[in-house]
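Biologist: Please take a close look at one buried acidic residue and the strand beside it, and then set it against the other charged pairs and the loops. I would like one connected account.

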Amino acid sequence: MTNDKINDLKQALELCPTNNTLRQLLAEAYIDEGEGFTAFEHYKVMFANDGIDNNLLVDLANEAIDYNQTEFAKKLLQKAISSGVVEGVKELQDFFNKNEKNNGIIHLVPKKNNHPIEIKEQCSFIDVGGLSEIKKVIHRMIILPNSRPDLLAKYGRKAGGGVLFYGPPGCGKTLLAKATAGECNLPFFNIRIEDILDPYIGVSESNLHEAFEQARRNSPCVLFLDEIDALAYSRNRQSGDTMRILVDQLLQELDSIGSENTGILILAATNVPWDLDDAIVRPGRFDRNIFVPPPDLLARESILKLKLKDFFIDHKHLSIIAKETPLFSGADLNALTQRAIDKVIDEALETNTEPPLENKHLLESLREITPSTLNWLSKAKNYVEFSNKSRKYDDVDNYLKSKEVKKYRL
């Protein structure tokens, strides 16, 4: 019933994305379903649009702490203080004073550019199972130009530029971005959305500028913008001016107005490429778009082996499960393994033994799960049919014609 409610609310929100009441109901539905991370992505959008009732700020901040959304909880507290909210504020301040290394100081007016870029550990294509064709595309479009600067110099081509990964949620876009940085042997700078968005006028733009400035000071490097749609949502669909200014700022940074982006490879990822502002994806900005589909057969088998490496199971037989899970995302495969583990635990309790996890448990769990990517692919099909005049979704079109997708009759 909850899933039906979520789907109905998502469809309603697509028709009216600025309706904060609908977005709050959707976030609450995700909380009821135990998907707190997804819920708080919606709360953050509401917060950025000043769409959260002041009376809910403290309660939501406490809930954010429960879901390990500490930085967002701080911002909610800041807003509560500046809005004159009294009830519950002191308790929250005491919590941060007790638990934060910096004594939990909460600034009523945020410090300018107080969000550092997070440098993530590197990985490589070895850590990414399957997706061989995608790796070839990335190597040709991204890695080779950066590994052969002499070749670029010969033809007057500067290293750097923007590449956008897009596709269904949970299919490895972020991991591919990290692996690309590792293959290029460049530091990976991950800009988190919560480090940019701020309720105070002008601070979000300042945070974004400082993030790019830090990357420029450390070039050559890879700068990664995950969920870029939160920063570059189409200006034609926005009702207010606040987020429009942030899109303008991002365009200036991409064009390196007043600065120089030479040596910076800008990667971004999104689940909703059709929601991006058209100016973002024009040539010269994110002009190279790479579709990241659900994991292929080899990738699914690799993911299953990784998830089950600590259990007594015949890994040779995991190829059977991999063949039975077309269109499953990495998150779907994780859910499959968790359900199978639950079945083993139930069996252990019933028989007072410790049975091993076997393929039969996975096959039983498989009957209870459908790919979460189906909704995305169904929506993508509409865009391919009616909004592909520029042919930027040709890769999606080809994928939709594959045998795995046709099996589900979208």
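Modeller: The account below starts at one loop residue and works outwards from there.

The model is predicted. The residue in question is Asp229, which sits in the loop that runs from β4 (221-225) to α12 (242-254). Its side chain is buried and takes part in no salt bridge. The nearest side chain of opposite charge belongs to Arg23, at 8.4 Å. A salt bridge needs a nitrogen and a carboxyl oxygen within 4 Å. What Asp229 does have is a side-chain polar contact of 2.7 Å with Thr270. Leaving aside residues up to four places away in sequence, Asp229 touches Thr270, Asn271, Val272 and Leu276.

Thr270 leads to the strand β5 (264-270). Its side chain points the same way from β5 as those of Ile264, Ile266 and Ala268, while Leu265, Leu267 and Ala269 point the other way. In a regular strand, side chains alternate between the two faces of the sheet. Buried or exposed, how do the residues of β5 come out? Seven of the seven are buried, so the strand is largely enclosed by the rest of the structure. β5 pairs with β4 in the parallel sense, over five bridges. Within that pairing, Val222 stands opposite Leu265. β4 is also the strand that comes before the loop of Asp229.

Arg23, the nearest opposite charge to Asp229, is itself one of the buried residues of α2. The others listed for that helix are Leu22, Leu26, Ala27, Ala29, Tyr30 and Ile31. An α-helix has 3.6 residues a turn, so residues three or four places apart point the same way. Helix α2 has 13 residues (20-32); at 1.5 Å a residue it should span 18 Å, and its end C-alpha atoms are 18 Å apart, so the two values agree. The N-terminal end of α2 is capped by Asn19, with a side-chain oxygen 3.1 Å from the backbone nitrogen of Thr21. After α2 comes Gly34, whose phi is positive, near 85°.

Asp229 can now be set beside charged side chains that do pair. The structure holds 16 salt bridges. One of them joins Lys379 and Glu14, with the closest N and O atoms 2.3 Å apart. Lys379 belongs to helix α17 (residues 373-386) and Glu14 to helix α1 (residues 2-15), so this pair ties together parts 365 residues apart in sequence. Both partners are partly exposed: Lys379 has a relative accessible area of 25%, and Glu14 has 45%.

A second salt bridge, 2.5 Å from N to O, is formed by the side chains of Arg285 and Asp255. Arg285 lies in the loop between β5 and β6 (288-291) and Asp255 in the loop between α12 and β5, and the two are 30 residues apart. Arg285 is buried at 11% relative accessibility, whereas Asp255 is partly exposed at 28%.

In a third, the side chains of Arg339 and Glu368 meet at 3.2 Å, N to O. Here the link runs from helix α15 (residues 330-351), which holds Arg339, to the loop between α16 (359-366) and α17, which holds Glu368, 29 residues apart. Both are partly exposed, Arg339 with a relative accessible area of 36% and Glu368 with 42%. Apart from these pairs, Glu213, Arg216 and Glu253 are linked in a network of salt bridges.

The loop that follows α15 deserves a note on backbone geometry. Most residues other than glycine have a negative phi, and most peptide bonds are trans. Asn352, in the loop between α15 and α16, is not a glycine and yet has a positive phi of about 55°. Asn352 is exposed, with a relative accessible area of 71%. Thr353 is found in that loop too; at 41% relative accessibility it is partly exposed. The side chain of Thr353 makes a polar contact of 2.6 Å with the side chain of Thr351.

Asp50 also has a positive phi of about 55° without being a glycine. Its place is the loop between α3 (36-48) and α4 (57-66), and it is exposed, with a relative accessible area of 54%. Asp229, by contrast, is buried.

Note on methods: Residues are numbered from 1 along each chain as its sequence is written. This is a predicted model: local features need pLDDT of at least 70, side-chain atom pairs count only at pLDDT 80 or more; totals for chains, interfaces and linings use all residues. Side-chain values use heavy atoms; hydrogens and water are left out. Helices (H or I, at least four residues) and strands (E, at least two) are DSSP runs, numbered from the N terminus. Buried means under 20% relative accessible area, exposed over 50%, partly exposed in between (1.4 Å probe, protein chains only). Lys and Arg count as positive and Asp and Glu as negative; His and the chain ends are not counted. A polar contact is a pair of N or O atoms within 3.5 Å; within protein, one must be able to donate a hydrogen and the other to accept it, and residues adjacent in sequence count only if both atoms are side-chain atoms. Contact means heavy atoms within 4.5 Å. Two strands pair if DSSP finds at least two bridges between them. The expected span of a helix is 1.5 Å times one less than its number of residues.
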